[in-house]
Amino acid sequence: VRQARINGVPLEGACLYPILDRFDWDNHAHWHNCGLWDMQHNGTGHYQRVLNAEYARALRDAQRLMEKTPNNI
């Protein structure tokens, strides 16, 4: 995204997918642990969102880098 913007591509944003962890399509017992928020059982039969700290830190670092990126559009 950064390089595209530097090169003048009119890119307004990027999509994070999945934003929430998700289970495998063929095996609902297997979770991928791939979202900005992981889903964990909360002991009441429901799930709760738990921020994935490493993902959040990387996202914030990328946002800071983009704030410093010239927009050549």
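A residue counts as buried when its relative accessible area is under 20%, as exposed when that area is over 50%, and as partly exposed in between. With a relative accessible area of 0%, Gly35 is therefore buried. Welcome to this structure, which is a predicted model. The points below go through its hairpin, its aromatic rings, its largest pocket and some residues of the loop between H1 and E1.

**The hairpin of E1 and E2**

- Strand E1 covers residues 37-41 and strand E2 covers residues 47-51; the two run antiparallel and are joined by five bridges.
- Two of the partnerships can be looked up by name: Asp38 has Val50 in E2 as its bridge partner, and Gln40 has Gln48 in E2.
- Between the strands of this hairpin there are five residues, and Gly43 takes a positive phi near 90°.
- Arg49 and Trp37 are worth finding too: Arg49 lies over the face of Trp37, at 5.8 Å from the ring centre.

**The aromatic rings**

- A pair of aromatic rings is described by how far apart the centres are and by the angle of the planes.
- Searching the whole structure turns up two aromatic pairs.
- One of them is formed by Phe23 and Trp31, whose ring centres are 5.6 Å apart; their planes stand at 80°, so this pair is edge-to-face.
- Trp31 also forms an aromatic pair with Tyr47, and this one is tilted, with 5.1 Å from centre to centre and 50° between the planes.
- The pair of Trp31 and Tyr47 links distant parts of the chain, because Trp31 sits in the loop between H1 and E1 while Tyr47 belongs to strand E2, 16 residues apart.
- Taken together, Phe23, Trp31 and Tyr47 are linked into a cluster by ring pairs.
- How open are these rings to the outside? Phe23 has 28% relative accessibility and so counts as partly exposed.
- Trp31 is partly exposed as well, at 21% relative accessibility, and Tyr47 is partly exposed with a relative accessible area of 37%.

**The largest pocket**

- Rolling a probe the size of a water molecule over the atoms shows where empty space is left.
- The largest pocket holds about 240 Å³ of space.
- It is lined by 13 residues, and those closest to its centre are Val1, Ala14, Leu59, Ala62 and Met66.
- Helix H1 (2-6) and helix H2 (53-67) are the elements that give two or more residues to this lining.
- Which element gives the largest share of the lining? H2 does, with five residues.
- By character, the lining of the largest pocket is made up of eight nonpolar, two polar and three charged residues.

**The loop between H1 and E1**

- Most residues other than glycine have a negative phi, and most peptide bonds are trans.
- Where is the cis peptide bond? It joins Tyr17 and Pro18, with omega about -10°.
- Pro18 is found in the loop between H1 and E1.
- Asn33 is found in that loop too, and it has a positive phi of about 50° although it is not a glycine.
- Gly35, the buried residue from the opening, lies in the loop between H1 and E1 as well.
- Between the C-alpha atoms of Gly35 and Arg57 there are 13 Å in space, while the two residues are 22 apart in sequence.
- Leu20 is another residue of this loop; its relative accessible area of 34% makes it partly exposed.
- Leu20 and Arg60 are 40 residues apart along the chain, and 17 Å separate their C-alpha atoms.

**After H2**

- Pro70 is found in the segment after H2.
- Is Pro70 buried, exposed or partly exposed? At 43% relative accessibility, Pro70 counts as partly exposed.
- From Pro70 to Ile19 there are 27 Å, C-alpha to C-alpha, and the two are 51 residues apart in sequence.

Notes. Residues are numbered from 1 along each chain as its sequence is written. This is a predicted model: local features need pLDDT of at least 70, side-chain atom pairs count only at pLDDT 80 or more; totals for chains, interfaces and linings use all residues. Side-chain values use heavy atoms; hydrogens and water are left out. On a 1 Å grid over the protein atoms alone, a cavity is a set of points where a 1.4 Å probe fits but cannot get out, and a pocket is an open set with protein on both sides within 12 Å along at least five of seven lines; lining residues have an atom within 4 Å of a point. Grid points are joined across faces, edges and corners, and a volume is the space filled by probe spheres set on the points. Helices (H or I, at least four residues) and strands (E, at least two) are DSSP runs, numbered from the N terminus. Ala, Val, Leu, Ile, Met, Phe, Trp, Tyr, Cys and Pro count as nonpolar, Asp, Glu, Lys and Arg as charged, and the others, Gly among them, as polar. Two strands pair if DSSP finds at least two bridges between them. Rings of Phe, Tyr and Trp (its six-membered ring) pair if their centres lie within 6.5 Å; planes under 30 degrees apart count as stacked, over 60 as edge-to-face and the rest as tilted. Buried means under 20% relative accessible area, exposed over 50%, partly exposed in between (1.4 Å probe, protein chains only). A charge sits over a ring if NZ of Lys or CZ of Arg is within 6 Å of the ring centre and within 35 degrees of the ring normal.
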